[in-house]
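Q: Please take a close look at one part of this model: how its helices pack. Start with the crossing, then follow the packing to whatever adjoins it.

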Amino acid sequence: MKLPKEIKLGCFTIKFKILDSTLSYEIAEQQGSYIEKTNTVYLSEDIFEDKERAVNIVLHELSHAIYSMYSLKDKDEETVVTSFANGMTELLQRTDLLKWITHTINNKR
């Protein structure tokens, strides 16, 4: 099962774009990146070789999206934690993300 091309978080659509590993590391110097302006998560293609790492990086980048979309800058800890729980719950209940995570982790090499 492949990562969905896009998922909804509230009223936003987050797109996933897979980058050539050379481009990702040599130019951007990262395995993944969330770009707020376009609501896009860019991922290095080689992260999918290690399924647990892929899940971790996707969740990490989606956490950046939650931080941005829920306007968490300068908020107190309880607000941040509650917002992340709400955002992750929404992602897992209302998108194909949970199916992808379950399939990816259950089918490790």
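**Helix H2 and its partners**

A: Helix H2 crosses helix H3 in a right-handed sense. Keep in mind that this is a predicted model. H2 spans residues 51-69, and H3 spans residues 77-94. Their axes come within 10 Å and cross at roughly 120°. H2 is therefore oblique to H3, since angles count as roughly perpendicular from 65 to 115 degrees and as roughly antiparallel over 145.

Now the side of H2 that faces H3. H2 brings Leu59, Leu62, Ser63, Ile66 and Tyr67 to the contact. H3 answers with Ser83, Phe84, Gly87, Met88 and Leu91. Seven of these contact residues are nonpolar and three are polar. None is charged.

H2 has another partner, helix H4. Here the axes lie 9 Å apart, at an angle of about 155°. That angle is over 145 degrees, so H2 runs roughly antiparallel to H4. The crossing of H2 and H4 is left-handed. From H2, the contact takes in Lys51, Ala54, Val55, Val58, Leu59 and Leu62. From H4 come Leu97, Trp100, Ile101, Thr104 and Ile105. The tally for this contact is nine nonpolar residues, one polar and one charged.

Two names recur. Leu59 and Leu62 meet H3, and Leu59 and Leu62 also take part in the contact with H4.

Next, the open space. The largest pocket has a volume of about 330 Å³, and 14 residues line it. Nearest its centre are Met1, Lys2, Leu3, Phe48 and Trp100. Trp100 also belongs to the H4 side of the contact with H2. Which elements supply the lining? Strand S2 (12-19), H2 and H4 (97-106) each give at least two residues. H4 gives the most, with three. By class, the lining of the largest pocket holds eight nonpolar, three polar and three charged residues. The contact of H2 with H3, by comparison, has no charged residue.

To sum up, H2 is oblique to H3 and roughly antiparallel to H4. H2 and H4 also each supply at least two residues to the lining of the largest pocket.

Notes. Residues are numbered from 1 along each chain as its sequence is written. This is a predicted model: local features need pLDDT of at least 70, side-chain atom pairs count only at pLDDT 80 or more; totals for chains, interfaces and linings use all residues. Side-chain values use heavy atoms; hydrogens and water are left out. Axes are lines fitted to C-alpha atoms, for helices over the stretch in contact, and angles run from 0 to 180 degrees between N-to-C directions. Helices (H or I, at least four residues) and strands (E, at least two) are DSSP runs, numbered from the N terminus. Angles under 35 degrees count as roughly parallel, over 145 as roughly antiparallel, 65 to 115 as roughly perpendicular and the rest as oblique. A crossing is left-handed if the near helix is turned anticlockwise from the far one by less than a right angle, and right-handed if clockwise. Contact means heavy atoms within 4.5 Å. Ala, Val, Leu, Ile, Met, Phe, Trp, Tyr, Cys and Pro count as nonpolar, Asp, Glu, Lys and Arg as charged, and the others, Gly among them, as polar. On a 1 Å grid over the protein atoms alone, a cavity is a set of points where a 1.4 Å probe fits but cannot get out, and a pocket is an open set with protein on both sides within 12 Å along at least five of seven lines; lining residues have an atom within 4 Å of a point. Grid points are joined across faces, edges and corners, and a volume is the space filled by probe spheres set on the points.
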